[in-house]
Amino acid sequence: MGKKRDRDSLSKEDAKRDPDAMDEDSSSDEDFDIVNVDFEWFNFDPTIDFHGTKTLLRQLLDVDSPLFDTSALADLILSNTAVGSTVKVDGKETDAYALITALPLSSQRAKHTALDALAEYIASKAAASPATAPVAQILEKDAKADVGLVVSERLINMPSEVAGPLYAMLVDELDDAVSESEPYDFSHVIVLSRVYREVLPDPEVREQEEGDERRRKTKKQKGGAAATQAGGEGEVFYFHPEDEVFMRFAEAKGSFAFTKEGEAVADSKRAFQDLGVKTEGFVMLFTRDKFREGVKAVGEFLKGSS
């Protein structure tokens, strides 16, 4: 195997408005400090990156992360020496703020139980919707496609601009790996991500929660059809802005509900729910050429937005 290229340190001097970095001497909500950060790109290092990788995996898999052996998945990612990068701020010895890699699903899932479980999970979720059914079909174990799973995640407060270089380097490394006869000559690529969706309130439930019994009775007395409208689903928003660009090149795409969505969640997740939004998984399927077109478009989009 050829040696992977070393990462260059990339400087990010973008005026980001950070609500945690407000000027204490100002009472105006519009005044923020400017934070200049140097981001550094590194290859995976199993002796350093296990906990950071596992943390980002758990974030990506959200409330369903307990369904998986995230330790085994982290080990598999870190053993994937041909492709993949981390982004850090305070040197190589620190945890990653972002990562990206591509896992050869077709050739490795039979050898790795944790990867096979993740593939089966994605397939089962995709099979539930006509929009994503092609994802389930291509993940069938007798399918002839050579499928790669792109795992890309970053901390919530990371600038989206890091995604452009991450994906561009991933494509370059896939090419290098193929030239070294590594199993990365994918015919199709699956990208697993997350979205959050506006949840339209159920009027009847809202009345009950507010204890407004008189209002409910008034509706009945007027003889009107006080329609009990099921809680609807509103607009979808993206944790990763680049997903909106990638979508245009996908053969199939769609969101899905998490299996453990209804169970007790951490305070941070409950805060999301209280605001009337819920997180969902999101999956996209690409042919090899369309994925590359998408990566190019993402780079141009994010460069233009910086």
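**Stop 1: Glu242**

Select Glu242, which lies in helix H9. The model on screen is predicted. Is Glu242 buried or exposed? Glu242 is buried, with a relative accessible area of 0%. Now show what surrounds this side chain. Leaving out residues up to four places away in sequence, Glu242 touches Arg154, Ala163, Tyr167, Val298 and Leu302.

**Stop 2: Phe246 and Phe286**

Stay in H9, which covers residues 242–246, and pick Phe246. Add Phe286, in strand E9 (residues 277–287). The two are 40 residues apart, so this pair links distant parts of the chain. Draw the ring centres and planes. The centres are 5.5 Å apart and the planes stand at 65 degrees. The cut-off for edge-to-face is over 60 degrees, so the pair is edge-to-face. Phe246 is buried at 0% relative accessible area. Phe286 is buried too, also at 0%.

**Stop 3: other rings**

The count for the model comes to 12 aromatic pairs. Select Phe68, Tyr121, Phe256 and Phe258 together: ring pairs link them into a cluster.

Next, look for charges over rings. Show Lys88 with Phe42. Lys88 lies over the face of Phe42, 5.7 Å from the ring centre. Then show Arg194 with Phe239. Arg194 lies over the face of Phe239, at 4.2 Å from the ring centre.

**Stop 4: strand E8**

Phe256, from the ring cluster, is also part of strand E8, residues 252–256. Show the side chains of E8. In a regular strand the side chains alternate between the two faces of the sheet. E8 shows this alternation. Ala252, Gly254 and Phe256 point to one face and are buried. Lys253 and Ser255 point to the other face and are not buried.

Now bring E9 back. E8 and E9 pair in the antiparallel sense, over 5 bridges. Which residue of E9 is the bridge partner of Lys253? Select Met284: that is the partner.

**Stop 5: Val135**

Jump to helix H5, residues 133–138, and select Val135. Val135 is buried, with a relative accessible area of 0%. Set aside neighbours within four places in sequence. Val135 is then in contact with Ile122, Ala126, Ile190, Ala252, Val283 and Leu285. One of these, Ala252, is in E8. Measure from Val135 to Gly254 if you like: their C-alpha atoms are separated by 10.0 Å, although the residues are 119 apart along the chain.

**Stop 6: helix H1**

Select residues 50–61, helix H1. H1 has 12 residues. From first C-alpha to last, H1 reaches 16 Å, close to the 16 Å expected at 1.5 Å a residue. Colour the buried residues: Gly52, Thr53, Leu56, Leu57, Gln59, Leu60 and Leu61. What do they pack against? Their partners are H2, E4, H4, E5 and strand E6 (188–199).

**Stop 7: Asp62**

Step just past the end of H1 to Asp62. Asp62 lies in the loop between H1 and H2. Check the backbone: phi is positive, about 55 degrees, although Asp62 is not a glycine. Most residues other than glycine have a negative phi. Asp62 is buried, with a relative accessible area of 6%.

**Stop 8: helix H2**

Continue to H2, residues 70–79. The buried residues here are Thr70, Leu73, Ala74, Leu76, Ile77 and Leu78. Turn on their cover. It includes helix H1, strand E4 (98–104), helix H3 (105–108), helix H4 (113–127) and strand E5 (147–154).

**Stop 9: Ser181**

Select Ser181, in the loop between helix H6 (163–179) and E6. Phi is positive at Ser181 as well, about 65 degrees, and Ser181 is not a glycine. Is Ser181 buried or exposed? At 67% relative accessibility, Ser181 counts as exposed. Asp62, by contrast, is buried.

**Last stop: the whole chain**

Zoom out and show everything. The chain has 11 helices and 9 strands. Of its 306 residues, 44% count as buried. Now consider the contacts with a separation of 6 or more. Residues 24 or more positions apart account for 80% of them. Finish with the surface. The accessible area of the chain comes to about 16300 Å², and 48% of that belongs to carbon and sulfur atoms.

Technical notes: Residues numbered from 1 in each chain as written. Predicted model: local features only at pLDDT ≥ 70, side-chain atom pairs only at ≥ 80, totals over all residues. Heavy atoms only, no water. Phe/Tyr/Trp six-rings, centres within 6.5 Å; stacked < 30°, edge-to-face > 60°. Helix = DSSP H or I, 4+ residues; strand = E, 2+ residues; numbered from the N terminus. Buried < 20%, exposed > 50% of the residue type's maximum accessible area, 1.4 Å probe, protein only. Lys NZ or Arg CZ within 6 Å of the ring centre and 35° of its normal. Contact = heavy atoms within 4.5 Å. Areas by Shrake-Rupley, 256 points an atom, 1.4 Å probe, with all protein chains shown as cover. Pairing = 2+ DSSP bridges. Expected span 1.5 Å × (residues − 1).
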